[in-house]
Amino acid sequence: MPFQFDHLRTLTALVEEGTFEAAARRLHVTSSAVSQRVRAMEQAAGQVLVRRTNPVLPTEAGDAVLRHARQVLLLDQEVRSELRAAGHEGGRTRVPLAVNADSLSTWFLEALPTESGAVFELHREDEEHTTGLLRSGAVMAAVTSTPEAVQGCSVEPLGGLNYQAVCTPGFAERYDATDPARLPDAPMVNFDRKDDLQDRFLRDLTGEGSRGPTHYVPASEDFARAVLLGWGWGVVPEQQCAEALASGRLVPLAPGRPVEVRLYWQRWNLRSPLLDEVTRHVRAGAAAYLRPV
């Protein structure tokens with residue numbers, strides 16, 4: 001079903017801004033005009049597209065239309081950028097991407113093409129949940145641990161990000177943490193409540209889950225620092241703990257048993273020179289840093 005371009009732009013602004021008033025300010029129209037455009041889209045779709053909550057949230061049907069809207073806006077922005085470039089004017093296209101925190105703090109930023117003419121909007125999310133942002137249309141591409149392609153997307157493997165379970169020597173002595181039978185009772189550091197890497201390692205090693213206290217530190221570098229400060233044991237990317245392991249400030253809990261997270265690149269399956277360029281750079285960055293799988 002056809003939607004007017006201004007209506008697609010309005011829906012995108014409404015979901016991104018969260019309220020009718022904020023969307024109206026962004027679009028330089030009245031709140032009533034925003035409401036009328038959304039109602040017109042809902043009549044055309046025959047379904048409710050947004051929940052009138054605070055902030056406004058898209059329905060399942062709204063997610064589908066929002067994804068379509070952002071794809072249309074991307075293609076429009078690329079054409080405008082080409083025309084501006086031809087006329088020697090500056091033009092920037094916004095590219096929202098989802099990436100897990102550990103990739104963001106290790107290899108992903110260096111991989112992005114800084115001279116692509118894009119403005120990057122990065123959404124930090126657990127690698128097992130970045131596909132939800134793709135489904136909703138919030139991002140154009142994502143680093144994810146999900147090998148199954150989201151509808152309307154293509155997927156390719158990037159490689160494996162290896163982690164080591166580590167703690168400080170003092171922590172290991174205090175809790176006898178290098179003994180697998182004692183480790184489930186030792187304090188643990190988790191990234192957030194979605195993080196299951198520590199629990200996965202523990203169950204693979206001991207067949208048990210954690211019984212000890214858990215600290216939550218939702219930033220990759222701060223997570224590694226909390227482990228280095230002796231808050232608890234944790235599963236840390238090899239790049240972030242290699243120096244501390246070599247100097248003896250950290251000790252491995254299971255030498256030779258890294259935890260591997262396989263990462264994939266999922267992107268909208270549409271012809272976009274800019275998205276193609278971003279994909280090439282991400283692919284090259286991953287090849288330089290991640291382990292082949």
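I take contact to mean heavy atoms within 4.5 Å. The model I consulted is a predicted one.

**Entry 1: helix α2**

I looked up α2, which spans residues 20–27. I noted Phe20, Ala22, Ala23, Ala24 and Leu27 as its buried residues. I then asked what covers these buried residues of α2. The cover includes α1 (5–17) and α3 (31–45). Just after α2, I found His28 with a positive phi of about 60 degrees.

**Entry 2: helix α8**

I turned next to α8, residues 197–206. Its buried residues are Leu197, Gln198, Phe201, Leu202 and Leu205. They cover an arc of only 130 degrees around the axis, and therefore lie on the same side of α8. For what covers them, I recorded a list that includes the strands β6 (153–167), β7 (188–190), β9 (234–237) and β11 (259–268), together with α9 (220–228). Just after α8, I found Gly207 with a positive phi of about 80 degrees.

**Entry 3: the second largest pocket**

I looked up the second largest pocket and recorded a volume of about 230 Å³. Which elements give two or more residues to its lining? I listed α5 (101–111), α8, α9 and β9. Of these, α9 and β9 also appear in the cover of the buried residues of α8.

The lining comprises 19 residues. Ala101, Asp102, Asp126, Glu127 and Phe191 are those that lie nearest the centre of the pocket. By class, I entered eight charged, seven nonpolar and four polar residues for this lining.

Note on methods:
Residues are numbered from 1 along each chain as its sequence is written. This is a predicted model: local features need pLDDT of at least 70, side-chain atom pairs count only at pLDDT 80 or more; totals for chains, interfaces and linings use all residues. Side-chain values use heavy atoms; hydrogens and water are left out. Buried means under 20% relative accessible area, exposed over 50%, partly exposed in between (1.4 Å probe, protein chains only). Helices (H or I, at least four residues) and strands (E, at least two) are DSSP runs, numbered from the N terminus. The arc is that of the directions from the helix axis to the C-beta atoms. On a 1 Å grid over the protein atoms alone, a cavity is a set of points where a 1.4 Å probe fits but cannot get out, and a pocket is an open set with protein on both sides within 12 Å along at least five of seven lines; lining residues have an atom within 4 Å of a point. Grid points are joined across faces, edges and corners, and a volume is the space filled by probe spheres set on the points. Ala, Val, Leu, Ile, Met, Phe, Trp, Tyr, Cys and Pro count as nonpolar, Asp, Glu, Lys and Arg as charged, and the others, Gly among them, as polar.
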